[in-house]
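Me: I am new to this structure and would like to learn how to read its strands and helices. Please take me through some of them.

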Amino acid sequence: MTTCTQPLLDDANLDQDLQQSAMLKLAGHFHSLATGASQVPLQSLHSHLKSKIEDPRVLDYHDRLIEGAGPLFSHFLASVPYILEELSRVGVALTRLAQARTTEAGQTFSLFEVDAFDGSNGRALAGHSQGLIRSFTSSPNRANQITFDRHADPALSRFYPQSFFKVCPPLLQSPEYESFNLGFEFIYEMAAFQFYSRDRNRQISHIKQFLKPGVGIFLEKLNHPDPMEYLRRERIKDEVFKARYFSEEEIRWKRQQMLQQMQNGQVTLEELVSTLSTHFNHVHLLWSSSNFCEFVASDDPEKIEHFLSLLGPVVQPADFSFESTRLGAISSSPSDDGARVMFDFAEQMPHQAALPALCQRARQHLPGWRERASVAEKNRRLNSATFTELFAGGWLTCCHPAPRPPAAGTGQHWWRARASQPWAVPPRAGCWPWWAATAASLGACLHPAKPGYTPKALDSCSPQLPTAQTASCHSRPRAFGLAGAGASARASRTPRG
């Protein structure tokens, strides 16, 4: 098997990082699924909405996809509500786009499937397009190659049994994969990123280098700022859709064994859109189902509009589309000054290589903080996930002097000295001024040329906090070396010194 010899992503610790990822930590579970040893759908995967599909080409794609699906991909189709119908819709549109853009005899197009199981969708696309589109699929689960080799036409589809992070230009120039040495017109990320980390900037940056002027499609299971809303969507998925294919015990087993690891790598819709927008000029939300969303992104406005014009109608019960009001062109922009405190300074930072490692990580993470700042601005409190990340992720070590969160009314603190052990936080706690001051102090760390920012008004704490905590919150800006209270509850950044 051909492998890359050059350093990947300028990261000597890539293999170690991969070993710590959910993709490899769950390798045993994925092997069991890929070999059909567990979690096999109880009934046929043929869409119960097939009668609503009017386009015969979409029906052909639907049938091809099921016919060539291996055990793990079949499990995927039975787990994501109406993804079968959506992949068929998109596959036909990609075929029509390639046909419309063919300019000479013998011209072909190519698809990079990012860690896409056994390549079922890529193989279906290659077959449906009659070889006009050829597919390249990566997957670190070697059991997927068994199904791939059984069904694939090697002249049209290729499989690389490693993580997409291991894909590099020398690999695509090797004899085995040289038909893809010029890159890909289409890229499809099949809900793979969440199994590695929340670092969408790094992930998207890596795969975009292989994209010709074309379109990238990103299917992701997304987190939600409101944990209860996330769980509500999960229940609908499990109880209304997955119950068709799996027993209650199987659904419960997967939830307990796998979903916690998977959720650790999920980002919110706002975080993903923000990162996509830093890499692509145009981003559209194509489809949503329970906690899953599908986006198309491109730097070419004419090409993305052409693709969208070729898409047929969505085939899906409306009750599963929780983001239907946001379908279409989508952008991520700060909605208030609180968000700008969290995000604006990223645009003015020095070159990434000049930053210490933790600040580099902060820069990659910043897009996700924009939505959290907006939510905190609205609710005047931090949610537990954000609070946990600020402490456990080590972000506060960037701040000088090192900040302390407000003390509880009982006199017990919500923190422990970082020198002795990681930060510990309660499941429900919040203080808006402390949050704004943290953002500003982190901003100061990342701006060597600008010593600090001063939130103008830090006098509004969560109404759920007792009086003793409120007093502690009011004094917190001084502990950061930042200006104190003001009349407005919104935070804005002002260069200091």
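What follows is a short exchange on burial, side-chain direction, strand pairing and crossovers.

Me: What kind of model is this, and how are residues numbered?

Reply: This is a predicted model, in which local features need pLDDT of at least 70 and side-chain atom pairs count only at pLDDT 80 or more, while totals for chains, interfaces and linings use all residues. Residues are numbered from 1 along each chain as its sequence is written, and side-chain values use heavy atoms, with hydrogens and water left out.

Me: Why is strand β1 described as largely enclosed?

Reply: Helices (H or I, at least four residues) and strands (E, at least two) are DSSP runs, numbered from the N terminus. Buried means under 20% relative accessible area, exposed over 50%, and partly exposed in between (1.4 Å probe, protein chains only). In β1, residues 109–114, six of the six residues are buried, so the rest of the structure largely encloses this strand.

Me: Which way do the side chains of β1 point?

Reply: In a regular strand, side chains alternate between the two faces of the sheet. Here Phe-109, Leu-111 and Glu-113 point one way from β1, and Ser-110, Phe-112 and Val-114 point the other way; all are buried.

Me: Which strands pair with β1?

Reply: Two strands pair if DSSP finds at least two bridges between them. β1 pairs with β2 (residues 133–138) in the parallel sense over five bridges, and Leu-111 stands opposite Ser-135 in β2. β1 also pairs with β4 in the parallel sense, over four bridges; there Phe-112 stands opposite Ile-187.

Me: How does the chain cross from β1 to β2?

Reply: A crossover is right-handed if, with the strands pointing away from the viewer, the path from the first strand over the helix to the second runs clockwise. The chain goes from β1 through α7 to β2, and this β-α-β crossover is right-handed.

Me: Is helix α7 mostly covered or mostly open?

Reply: Helix α7, residues 120–128, is mostly covered, with nine of its nine residues buried. Among them are Arg-123, Leu-125 and His-128. Just after α7, Gln-130 takes a positive phi of about 55 degrees.

Me: Where does strand β5 fit in?

Reply: β5, residues 211–221, is mostly covered, and nine of its eleven residues are buried. Six bridges join it to β4 (residues 184–190), and the two run parallel; Met-190 stands opposite Leu-219 in β5. With helix α10 (residues 200–208), β4 and β5 make a right-handed β-α-β unit. β5 also pairs with β7 (residues 292–298) over six bridges, in the antiparallel sense, and Lys-221 stands opposite Phe-292 in β7.
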